[in-house]
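Biologist: I'm new to this one, so could you walk me through it one question at a time?
Modeller: Happy to. Let's put it on the screen and begin.

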Amino acid sequence: MATPSPVWFERDPLELAPLLLGGVLRRADRAGAVAIRVTEVEAYRGADDPGAHSFRGRTARNATMFGPGGHVYCYFTYGMHHAVNVVAGPAGSGWGVLVRAGAVVEGAALALARRSARRASAPSGELARGPGNVAQALGATLADDGAALGGTTSDGAAWSFEPVAGFAPPGHRTGPRVGVSGPGGDATAFPWRFWLPGEPSVSAYRAAAPRRRSPAG
DNA sequence: CGGTCGATAGTCT
DNA sequence: GACTATCGACCGG
């Protein structure tokens with residue numbers, strides 16, 4: 001099965017998110033191809049979602065989220081990490097699904113090499129555990145922002161996504177999103193994280209940490 | 001094991 | 001100038 005037509009992605013992220021679970025996200029460039037079977041995602045719902053980048057409207061960074069579904073929204077944060085999202089909904093919605101984790105099913109050696117270039121080695125089962133590691137394993141950078149799934153970027157990176165044939169895999173779980181606080185600091189107000197149980201690549205839950213300021217003076 | 005904290009820079013107020 | 005859809009080293013048990 002190939003990447004579905006763009007229309008397939010143009011649905012509510014709360015509906016699309018579980019459909020992505022178990023599917024295979026793949027990126028290929030000159031260095032080679034890496035593919036992951038998606039095991040954990042989070043839905044971000046634009047203007048209705050205080051935790052979404054797109055909550056306050058379109059900016060230069062989040063412009064891709066406001067484009068049509070079926071594209072890659074890739075951003076850079078914390079001064080060192082990239083993250084990969086699948087844009088959901090029709091153009092203008094600002095909807096997306098963050099790919100938080102996956103099991104590497106192709107190109108494990110390349111994924112490990114990319115990891116080693118920056119940090120020490122990691123257990124192969126955890127090569128794509130956490131959003132930053134997903135992007136690093138796939139080799140995704142800001143140059144991939146706006147890439148069409150099923151297409152190729154101007155830099156020559158080919159992206160594709162193959163969903164599980166037919167339906168979402170049974171038995172997926174839902175819970176609060178990681179590192180996102182809802183109204184009143186309650187992340188459980190938006191339990192929009194979806195994952196496959198029993199997968200070693202699924203990251204542990206971390207609440208949005210109110211990080212302590214450095215001591216005054 | 002599990003909790004805590006530093007690194008590091010783009011983005012928005 | 002504070003905050004961030006984070007990672008991993010480090011420390012104590």
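Biologist: Let me start with a single residue: is D48 buried, partly exposed or exposed?
Modeller: Keep in mind that this is a predicted model. D48 has a relative accessibility of 48%. Buried would need under 20% and exposed over 50%, so D48 counts as partly exposed.

Biologist: Which residue does D48 meet in a salt bridge?
Modeller: The two side chains come to 3.3 Å, N to O. A salt bridge asks for a distance within 4 Å. The partner of D48 is R45.

Biologist: Which residue makes a polar contact with the side chain of R45?
Modeller: Look in the loop between helix 1 (6-9) and helix 2 (13-20), where D12 is found. The side chain of D12 also reaches the backbone nitrogen of L14 at 2.8 Å. The side-chain contact with R45 is at 2.7 Å, and the residue that makes it is D12.

Biologist: Why does D12 count as buried?
Modeller: The cut-off for buried is under 20% relative accessible area. D12 counts as buried because its relative accessible area is 18%.

Biologist: Stepping back, how many helices and strands does chain A have?
Modeller: From the N terminus on, the elements run α-α-β-β-β-β-β-α-α-β-β-β. Of the 217 residues of chain A, 48% count as buried. The tally for chain A is four helices and eight strands.

Biologist: How far apart along the chain are E106 and R26, which form a salt bridge?
Modeller: In space, their closest N and O atoms are 2.9 Å apart. E106 is partly exposed at 31% relative accessible area, and R26 is partly exposed at 30%. E106 sits in strand 5 and R26 in strand 1 (residues 24-29), so the pair links distant parts of the chain. Their separation is 80 residues.

Biologist: And R114, in its salt bridge with D29: is R114 buried or exposed?
Modeller: The side chains of R114 and D29 meet at 3.3 Å, N to O. This pair also links distant parts of the chain, with R114 in helix 3 (residues 108-118) and D29 in strand 1, 85 residues apart. D29 is partly exposed at 23% relative accessible area. R114 has 17% relative accessibility, so it counts as buried.

Biologist: Which residues are joined with D29 into one network?
Modeller: The structure holds 12 salt bridges. Some of them share partners, and that sharing ties D29 into one network. The others joined in it are R27, R114 and D144.

Biologist: Now the DNA: which residues come nearest to DNA strand C?
Modeller: There are 22 residues around DNA strand C. Of the strand's atoms that come within 4 Å of the protein, sugar and phosphate account for 47%. The residues that come nearest are H53, H81, N85, G130 and R206.

Biologist: Which residue has a side-chain N or O atom 3.2 Å from a phosphate oxygen of DNA strand C?
Modeller: A polar side-chain atom of R100 lies 3.4 Å from a phosphate oxygen. G130 lies 3.4 Å from one too, but through a backbone N or O atom. The residue whose side chain is at 3.2 Å is N133.

Biologist: How many charged residues are in the surface near DNA strand C?
Modeller: Strand 3 (72-77), strand 4 (81-88), strand 5 (95-106) and helix 4 (131-138) each supply at least two residues of that surface. By class, the surface has eight nonpolar and nine polar residues. The charged ones number five.

Biologist: Which residues of helix 4 are buried?
Modeller: Helix 4 is mostly covered, with seven of its eight residues buried. Just after helix 4, G139 takes a positive phi of about 80 degrees. The buried ones are P131, G132, V134, A135, Q136, A137 and L138.

Biologist: One last spot: which strand gives the most to the lining of the largest pocket?
Modeller: The largest pocket holds about 1,100 Å³ of space. Among its 32 lining residues, Y78, R100, P131, V178 and G179 lie nearest its centre, and the lining divides into 15 nonpolar, 11 polar and six charged. Strand 2 (32-45), strand 3, strand 4, strand 5 and helix 4 each supply at least two lining residues. The one that gives the most, with four residues, is strand 4.

Methods. Residues numbered from 1 in each chain as written. Chains lettered and ligands numbered in written order. Predicted model: local features only at pLDDT ≥ 70, side-chain atom pairs only at ≥ 80, totals over all residues. Heavy atoms only, no water. Near = heavy atom within 4 Å. Polar contact = N/O pair within 3.5 Å; in protein donor to acceptor, adjacent residues only side chain to side chain. Nonpolar A, V, L, I, M, F, W, Y, C, P; charged D, E, K, R; others polar. 1 Å grid on protein atoms, 1.4 Å probe; cavity = no way out; pocket = protein on both sides within 12 Å on 5 of 7 lines; lining within 4 Å. Points joined across faces, edges and corners; volume = space filled by probe spheres on them. Buried < 20%, exposed > 50% of the residue type's maximum accessible area, 1.4 Å probe, protein only.
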